[in-house]
Amino acid sequence: AAATATAGVTPALLNLVMPDATVVSGMNVDRSVASPFGQYILSQMQFNDSGFLQFMTSTGFDPRKDLHEIVAASPATASATVHTALIVGRGVFQPAMIIGSATAQGGTIANYRGFNLIGPPAGQSGEAVALTFLDGATAAMGDIASVKGAVDRKLAGATFTGTLAQTAMQVSASNSAWFCTNTPLSDFMSTRPSGNLGPVAQSGLIQAIQQASGGVQFGSTAITLSADAVTASPQNAQSLVDVLKFFVGMIAGNANAPSNVTSIANSAQFSVSGSTAHISLLLPEAQVEQLLMPQGAKRKPRAAAQR
């Protein structure tokens with residue numbers, strides 16, 4: 001069930017991340033879409049929608065085959081009221097066609113250090129966001145300040161370094177989709193709309209989690225979910241694992257729970273290494289498809305050549 005390690009996130013994308021980022025995530029789209037689960041998701045989607053077809057015609061961009069990888073990042077200054085984030089992508093883009101399509105729809109174009117920043121129509125309400133192409137294979141999108149920062153780092157040949165960068169390289173090497181943060185989990189939850197999660201964020205175990213990382217690996221026959229939580233002490237790590245085991249045990253032992261749910265609970269594995277708690281779930285790919293399929297719906301056949 002162990003995933004074969006790969007090169008991980010593309011360094012050129014990671015180097016565009018703001019140096020004060022506290023949360024970084026990403027997805028290897030090629031690897032995800034090529035998996036049996038990715039093929040299943042594509043087989044359930046409708047691609048003959050007139051709007052989607054017009055989008056592809058006007059922009060020359062087909063997200064099913066032209067997007068290869070994405071990385072997203074947010075700094076410590078992001079909050080529920082101040083949305084600061086950057087998304088960078090690697091793929092095959094047609095900047096001239098996309099700019100032409102944007103302007104035809106009333107979009108604005110601003111120049112920053114030789115790069116065209118594509119924005120929403122003038123006067124449109126909402127946050128100030130922008131999209132730019134750093135070259136034919138790299139795009140950056142987010143709030144204007146973050147996008148301009150990505151341009152600056154591109155021109156300066158900056159390198160994203162530090163513990164978070166190392167964790168990103170490690171977790172992305174064994175996962176199709178991944179995340180990592182060096183922010184205490186309680187702080188991360190308290191600065192975002194949490195609804196009923198407010199009391200959870202204040203719990204002692206959540207406050208003890210100082211860093212976290214994890215991801216999803218889409219294998220040939222199974223999907224593996226894993227996460228690591230770095231806590232304040234080995235005792236905190238063991239306590240976190242004990243609590244998780246207790247809740248999983250309750251689910252697995254519930255005679256009224258659906259068999260798929262109890263099967264997932266029984267697949268949970270826990271371990272402790274120093275101050276780090278580790279959890280993983282091994283889910284058969286066919287079982288995940290069944291969980292996602294609407295009740296009474298019939299599975300559509302996959303097209304072998306569909307990407």
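What share of the contacts in the chain with a separation of 6 or more is accounted for by residues 24 or more positions apart? In this predicted model, such residues account for 64% of those contacts. The secondary structure of the chain consists of 14 helices and 12 strands. Of the 307 residues, 39% count as buried. The accessible surface of the chain amounts to about 15,700 Å², and carbon and sulfur atoms contribute 60% of that area.

Nonpolar side chains tend to be buried together in soluble globular proteins. In the present model, the largest nonpolar core contains 27 residues. The residues with the most contacts inside this core are Leu14, Val17, Val24, Val71, Phe160 and Trp178. Helix α8, which spans residues 163–173, supplies the largest share of the core, with 4 residues. For Leu14, once neighbours within four places in sequence are left aside, the contacts are with Val9, Val24, Phe160, Ala165, Ala168 and Met169. Two of these partners, Val24 and Phe160, are also listed with Leu14 among the residues with the most contacts inside the core. A second core, separate from the one described above, has 11 residues; among them are Ala229, Leu240, Ala265 and Ala268.

Side chains of opposite charge can pair when their charged atoms come close. The count of salt bridges in the model is 5, including the three pairs described here. Arg64 and Asp62 meet through their side chains, with an N to O distance of 2.9 Å. Asp62 has a relative accessible area of 10% and is therefore buried, the limit being under 20%. Arg64, at 24%, is partly exposed.

Lys65 is paired with Asp66 in a salt bridge whose closest N and O atoms are 3.3 Å apart. Here too the acidic residue is buried, as Asp66 has a relative accessibility of 7%, while Lys65 is partly exposed at 46%.

A further salt bridge joins Lys154 and Asp135, with the closest N and O atoms 3.3 Å apart. Lys154 belongs to helix α7 (residues 144–156) and Asp135 to strand β6 (residues 129–135), so this pair ties together parts of the chain that are 19 residues apart in sequence. Both residues are partly exposed: the relative accessible area is 36% for Lys154 and 30% for Asp135.

Key
Residues numbered from 1 in each chain as written. Predicted model: local features only at pLDDT ≥ 70, side-chain atom pairs only at ≥ 80, totals over all residues. Heavy atoms only, no water. Core = buried A, V, L, I, M, F, W, Y, C linked by side-chain atoms within 4.5 Å. Buried < 20%, exposed > 50% of the residue type's maximum accessible area, 1.4 Å probe, protein only. Helix = DSSP H or I, 4+ residues; strand = E, 2+ residues; numbered from the N terminus. Contact = heavy atoms within 4.5 Å. Areas by Shrake-Rupley, 256 points an atom, 1.4 Å probe, with all protein chains shown as cover. Salt bridge = Lys/Arg side-chain N within 4 Å of Asp/Glu carboxyl O.
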